[in-house]
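Hi everyone, thanks for coming. Let me put today's structure on the screen, and then I'll walk you through it.

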Amino acid sequence: MNTNQQIAENIARIQGEIGGRARLLAATKTIPPETINFALDCGISLIGENRVNELLEKYEYINRNKTEIHFIGALQTNKVKYIIDKVDLIQSVDRESLALEIERQAAKHGIVMPILAEINIGGEESKSGITPEKIYEFCDFLTSLPHLRLKGLMAVPPKCEKSEDNREYFRKMSKIFIDISGKNVDNSIMEVLSLGMSNDYLTAVDCGSNLVRLGSAIFGARVYPAADR
Ligand SMILES: *Cc1c(COP(=O)(O)O)cnc(C)c1O
(Lines give C-alpha, C1' and ligand atoms only; values in the text may rest on other atoms or scores of the structure.)
Protein backbone atom coordinates (compact mmCIF):
# COMPACT_ATOMS: atom_id res chain seq x y z
CA MET A 1 0.00 0.00 0.00
CA ASN A 2 1.15 3.54 -0.68
CA THR A 3 2.27 6.03 1.95
CA ASN A 4 -0.08 8.85 2.85
CA GLN A 5 2.06 11.26 0.87
CA GLN A 6 1.79 9.09 -2.25
CA ILE A 7 -1.96 8.78 -1.73
CA ALA A 8 -2.33 12.56 -1.47
CA GLU A 9 -0.26 13.04 -4.64
CA ASN A 10 -2.24 10.40 -6.54
CA ILE A 11 -5.57 11.95 -5.62
CA ALA A 12 -4.41 15.43 -6.68
CA ARG A 13 -3.00 14.10 -9.97
CA ILE A 14 -6.09 12.05 -10.83
CA GLN A 15 -8.47 14.89 -9.96
CA GLY A 16 -6.44 17.05 -12.33
CA GLU A 17 -6.60 14.45 -15.11
CA ILE A 18 -10.34 13.89 -14.97
CA GLY A 19 -11.16 17.48 -14.10
CA GLY A 20 -14.85 18.21 -13.99
CA ARG A 21 -15.67 15.40 -16.42
CA ALA A 22 -16.13 12.60 -13.92
CA ARG A 23 -16.55 12.06 -10.22
CA LEU A 24 -13.83 10.10 -8.46
CA LEU A 25 -14.92 7.16 -6.30
CA ALA A 26 -12.20 5.62 -4.15
CA ALA A 27 -12.59 1.82 -4.18
CA THR A 28 -11.61 1.03 -0.61
CA LYS A 29 -11.64 -2.77 -0.37
CA THR A 30 -8.79 -3.96 1.90
CA ILE A 31 -8.00 -0.33 2.84
CA PRO A 32 -8.13 0.35 6.60
CA PRO A 33 -10.40 3.11 7.96
CA GLU A 34 -7.55 5.41 8.98
CA THR A 35 -6.25 5.43 5.40
CA ILE A 36 -9.76 5.95 4.05
CA ASN A 37 -10.18 8.91 6.39
CA PHE A 38 -6.87 10.32 5.17
CA ALA A 39 -8.15 10.10 1.58
CA LEU A 40 -11.30 11.96 2.68
CA ASP A 41 -9.08 14.70 4.10
CA CYS A 42 -7.44 14.88 0.65
CA GLY A 43 -10.76 15.70 -0.98
CA ILE A 44 -12.33 12.31 -1.72
CA SER A 45 -16.08 12.52 -1.07
CA LEU A 46 -17.25 9.15 -2.35
CA ILE A 47 -16.02 5.66 -1.49
CA GLY A 48 -17.08 2.24 -2.74
CA GLU A 49 -16.98 -1.00 -0.78
CA ASN A 50 -17.29 -4.50 -2.22
CA ARG A 51 -18.01 -6.76 0.67
CA VAL A 52 -20.76 -6.55 3.24
CA ASN A 53 -18.69 -7.98 6.09
CA GLU A 54 -15.78 -5.68 5.44
CA LEU A 55 -18.05 -2.65 5.21
CA LEU A 56 -19.71 -3.53 8.51
CA GLU A 57 -16.36 -3.99 10.24
CA LYS A 58 -15.05 -0.65 9.04
CA TYR A 59 -18.26 1.36 9.04
CA GLU A 60 -18.19 2.97 12.49
CA TYR A 61 -14.56 4.09 12.02
CA ILE A 62 -15.14 5.79 8.69
CA ASN A 63 -15.60 9.56 8.82
CA ARG A 64 -19.14 9.19 7.52
CA ASN A 65 -20.06 12.86 7.50
CA LYS A 66 -17.28 13.47 4.96
CA THR A 67 -18.27 10.84 2.44
CA GLU A 68 -20.98 9.12 0.51
CA ILE A 69 -20.72 5.35 0.40
CA HIS A 70 -21.66 3.23 -2.59
CA PHE A 71 -21.86 -0.54 -2.57
CA ILE A 72 -20.03 -1.77 -5.69
CA GLY A 73 -19.53 -5.52 -5.23
CA ALA A 74 -21.46 -8.73 -5.73
CA LEU A 75 -24.32 -8.58 -3.24
CA GLN A 76 -26.01 -11.63 -1.76
CA THR A 77 -29.73 -11.14 -1.36
CA ASN A 78 -29.69 -12.21 2.30
CA LYS A 79 -27.17 -9.48 3.15
CA VAL A 80 -29.12 -6.50 1.82
CA LYS A 81 -30.63 -5.95 5.25
CA TYR A 82 -27.23 -5.24 6.77
CA ILE A 83 -26.34 -2.40 4.42
CA ILE A 84 -29.69 -0.85 3.54
CA ASP A 85 -29.28 1.93 6.15
CA LYS A 86 -25.53 2.35 5.62
CA VAL A 87 -25.03 3.06 1.93
CA ASP A 88 -26.15 5.95 -0.27
CA LEU A 89 -26.39 3.97 -3.49
CA ILE A 90 -26.04 0.36 -4.66
CA GLN A 91 -24.19 0.18 -8.01
CA SER A 92 -24.26 -3.59 -8.48
CA VAL A 93 -27.93 -4.40 -9.05
CA ASP A 94 -27.62 -7.32 -11.44
CA ARG A 95 -30.75 -9.46 -11.05
CA GLU A 96 -34.44 -9.23 -10.27
CA SER A 97 -34.25 -11.17 -6.99
CA LEU A 98 -31.71 -8.67 -5.64
CA ALA A 99 -33.81 -5.69 -6.77
CA LEU A 100 -36.87 -7.19 -5.06
CA GLU A 101 -35.01 -7.63 -1.79
CA ILE A 102 -33.67 -4.05 -1.90
CA GLU A 103 -37.24 -2.91 -2.57
CA ARG A 104 -38.48 -4.88 0.45
CA GLN A 105 -35.79 -3.60 2.82
CA ALA A 106 -36.04 0.00 1.60
CA ALA A 107 -39.82 -0.07 2.13
CA LYS A 108 -39.29 -1.44 5.63
CA HIS A 109 -36.94 1.46 6.43
CA GLY A 110 -39.18 4.04 4.77
CA ILE A 111 -36.50 5.09 2.28
CA VAL A 112 -35.98 5.12 -1.48
CA MET A 113 -32.65 3.51 -2.41
CA PRO A 114 -30.77 4.93 -5.40
CA ILE A 115 -29.32 2.16 -7.60
CA LEU A 116 -27.41 1.51 -10.80
CA ALA A 117 -28.08 -1.45 -13.08
CA GLU A 118 -24.96 -3.54 -13.66
CA ILE A 119 -24.32 -4.69 -17.21
CA ASN A 120 -22.05 -7.58 -18.13
CA ILE A 121 -20.68 -5.70 -21.10
CA GLY A 122 -17.89 -8.16 -21.89
CA GLY A 123 -20.30 -11.11 -21.84
CA GLU A 124 -17.97 -12.89 -19.44
CA GLU A 125 -19.38 -16.02 -17.86
CA SER A 126 -17.55 -15.40 -14.60
CA LYS A 127 -19.09 -11.96 -14.17
CA SER A 128 -22.42 -10.86 -12.87
CA GLY A 129 -24.56 -8.34 -14.68
CA ILE A 130 -27.42 -8.15 -17.11
CA THR A 131 -26.67 -8.81 -20.78
CA PRO A 132 -26.95 -5.76 -23.05
CA GLU A 133 -29.90 -7.44 -24.83
CA LYS A 134 -31.91 -7.67 -21.62
CA ILE A 135 -31.05 -4.29 -20.13
CA TYR A 136 -34.11 -2.40 -21.39
CA GLU A 137 -36.49 -4.95 -19.93
CA PHE A 138 -34.49 -4.97 -16.69
CA CYS A 139 -34.66 -1.17 -16.39
CA ASP A 140 -38.42 -1.31 -16.89
CA PHE A 141 -38.60 -3.79 -14.07
CA LEU A 142 -36.41 -1.67 -11.79
CA THR A 143 -38.44 1.46 -12.35
CA SER A 144 -41.64 -0.41 -11.46
CA LEU A 145 -40.40 -0.78 -7.87
CA PRO A 146 -41.40 2.28 -5.81
CA HIS A 147 -38.60 2.13 -3.25
CA LEU A 148 -35.81 1.96 -5.82
CA ARG A 149 -34.60 4.90 -7.84
CA LEU A 150 -32.71 3.96 -11.00
CA LYS A 151 -29.93 6.53 -11.44
CA GLY A 152 -27.78 4.98 -14.14
CA LEU A 153 -25.59 2.11 -15.25
CA MET A 154 -22.31 0.50 -14.23
CA ALA A 155 -20.06 -2.13 -15.71
CA VAL A 156 -16.84 -3.95 -14.95
CA PRO A 157 -15.38 -4.81 -18.37
CA PRO A 158 -12.71 -7.49 -18.81
CA LYS A 159 -9.38 -6.97 -17.04
CA CYS A 160 -7.09 -4.95 -19.25
CA GLU A 161 -3.42 -4.04 -19.51
CA LYS A 162 -3.65 -0.78 -21.40
CA SER A 163 -6.21 1.97 -21.01
CA GLU A 164 -7.24 1.63 -24.67
CA ASP A 165 -8.08 -2.08 -24.42
CA ASN A 166 -11.64 -1.54 -23.21
CA ARG A 167 -12.61 1.37 -25.45
CA GLU A 168 -15.01 -0.79 -27.46
CA TYR A 169 -16.87 -1.85 -24.29
CA PHE A 170 -17.01 1.70 -22.95
CA ARG A 171 -18.45 2.89 -26.26
CA LYS A 172 -21.14 0.21 -26.12
CA MET A 173 -22.02 1.19 -22.56
CA SER A 174 -22.20 4.84 -23.46
CA LYS A 175 -24.56 4.07 -26.33
CA ILE A 176 -26.88 2.02 -24.09
CA PHE A 177 -26.79 4.81 -21.49
CA ILE A 178 -27.77 7.43 -24.03
CA ASP A 179 -30.53 5.18 -25.45
CA ILE A 180 -32.07 4.58 -22.04
CA SER A 181 -31.73 8.23 -21.00
CA GLY A 182 -33.56 9.21 -24.19
CA LYS A 183 -36.51 7.02 -23.32
CA ASN A 184 -37.31 9.18 -20.26
CA VAL A 185 -38.42 6.21 -18.24
CA ASP A 186 -40.77 7.19 -15.40
CA ASN A 187 -39.31 6.98 -11.93
CA SER A 188 -35.71 7.16 -13.14
CA ILE A 189 -33.13 9.88 -13.64
CA MET A 190 -30.32 8.50 -15.74
CA GLU A 191 -27.41 10.60 -14.57
CA VAL A 192 -24.62 8.21 -13.59
CA LEU A 193 -22.46 6.17 -15.96
CA SER A 194 -20.03 4.30 -13.71
CA LEU A 195 -17.15 3.01 -15.83
CA GLY A 196 -13.39 2.93 -15.55
CA MET A 197 -10.92 1.50 -13.05
CA SER A 198 -7.23 2.11 -12.37
CA ASN A 199 -5.98 0.77 -15.71
CA ASP A 200 -8.53 2.32 -18.02
CA TYR A 201 -10.22 5.35 -16.43
CA LEU A 202 -8.92 7.90 -18.92
CA THR A 203 -10.40 5.95 -21.83
CA ALA A 204 -13.64 5.48 -19.87
CA VAL A 205 -13.97 9.22 -19.27
CA ASP A 206 -13.16 9.85 -22.90
CA CYS A 207 -16.13 7.61 -23.81
CA GLY A 208 -18.54 9.40 -21.49
CA SER A 209 -18.10 7.84 -18.07
CA ASN A 210 -18.93 10.34 -15.34
CA LEU A 211 -17.95 8.21 -12.36
CA VAL A 212 -14.63 6.35 -12.19
CA ARG A 213 -13.92 3.77 -9.50
CA LEU A 214 -10.26 3.69 -8.55
CA GLY A 215 -8.47 1.54 -6.02
CA SER A 216 -4.84 0.78 -6.82
CA ALA A 217 -4.27 4.03 -8.73
CA ILE A 218 -4.90 5.81 -5.41
CA PHE A 219 -3.80 3.40 -2.71
CA GLY A 220 -1.25 1.19 -4.49
CA ALA A 221 -1.38 -2.58 -4.96
CA ARG A 222 -3.90 -4.25 -2.69
CA VAL A 223 -2.73 -6.66 -0.01
CA TYR A 224 -5.44 -9.22 0.66
CA PRO A 225 -5.65 -10.99 4.02
CA ALA A 226 -4.13 -14.50 3.77
CA ALA A 227 -7.51 -16.23 4.23
CA ASP A 228 -8.87 -14.55 1.09
CA ARG A 229 -6.17 -15.60 -1.33
C1 LIG B 1 -11.80 -3.16 -6.83
C2 LIG B 1 -12.78 -2.51 -7.70
C3 LIG B 1 -12.49 -1.34 -8.40
C4 LIG B 1 -11.11 -0.69 -8.37
O5 LIG B 1 -10.15 -1.52 -8.93
P6 LIG B 1 -8.69 -0.94 -9.31
O7 LIG B 1 -8.27 -1.72 -10.47
O8 LIG B 1 -7.85 -1.17 -8.09
O9 LIG B 1 -8.86 0.49 -9.59
C10 LIG B 1 -13.48 -0.77 -9.17
N11 LIG B 1 -14.70 -1.32 -9.28
C12 LIG B 1 -15.03 -2.45 -8.62
C13 LIG B 1 -16.41 -3.00 -8.77
C14 LIG B 1 -14.08 -3.08 -7.83
O15 LIG B 1 -14.39 -4.21 -7.21
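I'd like to begin with the lining of the largest pocket, whose residues split evenly into ten nonpolar, ten polar and ten charged. Please keep in mind that we're looking at a predicted model. So which residues lie nearest the centre of that pocket? They are Lys-29, Val-156, Lys-159, Met-197 and Arg-222, out of 30 residues that line the pocket. Its volume comes to about 950 Å³. In general, rolling a probe the size of a water molecule over the atoms is what shows where empty space is left.

Now let's move along to Thr-30. This residue sits in the loop that runs between strand S1 (23-27) and helix H2 (33-41). Phi of Thr-30 is near 70 degrees, a positive value in a residue other than glycine. For background, most residues other than glycine have a negative phi. Is Thr-30 buried or partly exposed? Thr-30 is partly exposed, because its relative accessible area is 22%, and buried would mean under 20%.

Let's step back to the whole chain. You can count nine helices and eight strands. The C-alpha atoms fill a box of roughly 45 × 40 × 35 Å along the principal axes. For 229 residues, a compact globule would have a radius of gyration near 17 Å, and the chain has 17 Å, so the two agree. Of those 229 residues, 51% are buried.

As for contacts between residues at least 6 apart in sequence, 62% join residues at least 24 apart. Finally, the surface: the chain exposes about 10800 Å², with carbon and sulfur atoms supplying 49% of it. Thanks for listening!

Conventions: Residues are numbered from 1 along each chain as its sequence is written. This is a predicted model: local features need pLDDT of at least 70, side-chain atom pairs count only at pLDDT 80 or more; totals for chains, interfaces and linings use all residues. Side-chain values use heavy atoms; hydrogens and water are left out. On a 1 Å grid over the protein atoms alone, a cavity is a set of points where a 1.4 Å probe fits but cannot get out, and a pocket is an open set with protein on both sides within 12 Å along at least five of seven lines; lining residues have an atom within 4 Å of a point. Grid points are joined across faces, edges and corners, and a volume is the space filled by probe spheres set on the points. Ala, Val, Leu, Ile, Met, Phe, Trp, Tyr, Cys and Pro count as nonpolar, Asp, Glu, Lys and Arg as charged, and the others, Gly among them, as polar. Helices (H or I, at least four residues) and strands (E, at least two) are DSSP runs, numbered from the N terminus. Buried means under 20% relative accessible area, exposed over 50%, partly exposed in between (1.4 Å probe, protein chains only). The radius of gyration is taken over C-alpha atoms; the globule rule is 2.2 Å times the number of residues to the power 0.38. Contact means heavy atoms within 4.5 Å. Accessible areas come from the Shrake-Rupley method with a 1.4 Å probe; for residues, only the protein chains shown count as cover.
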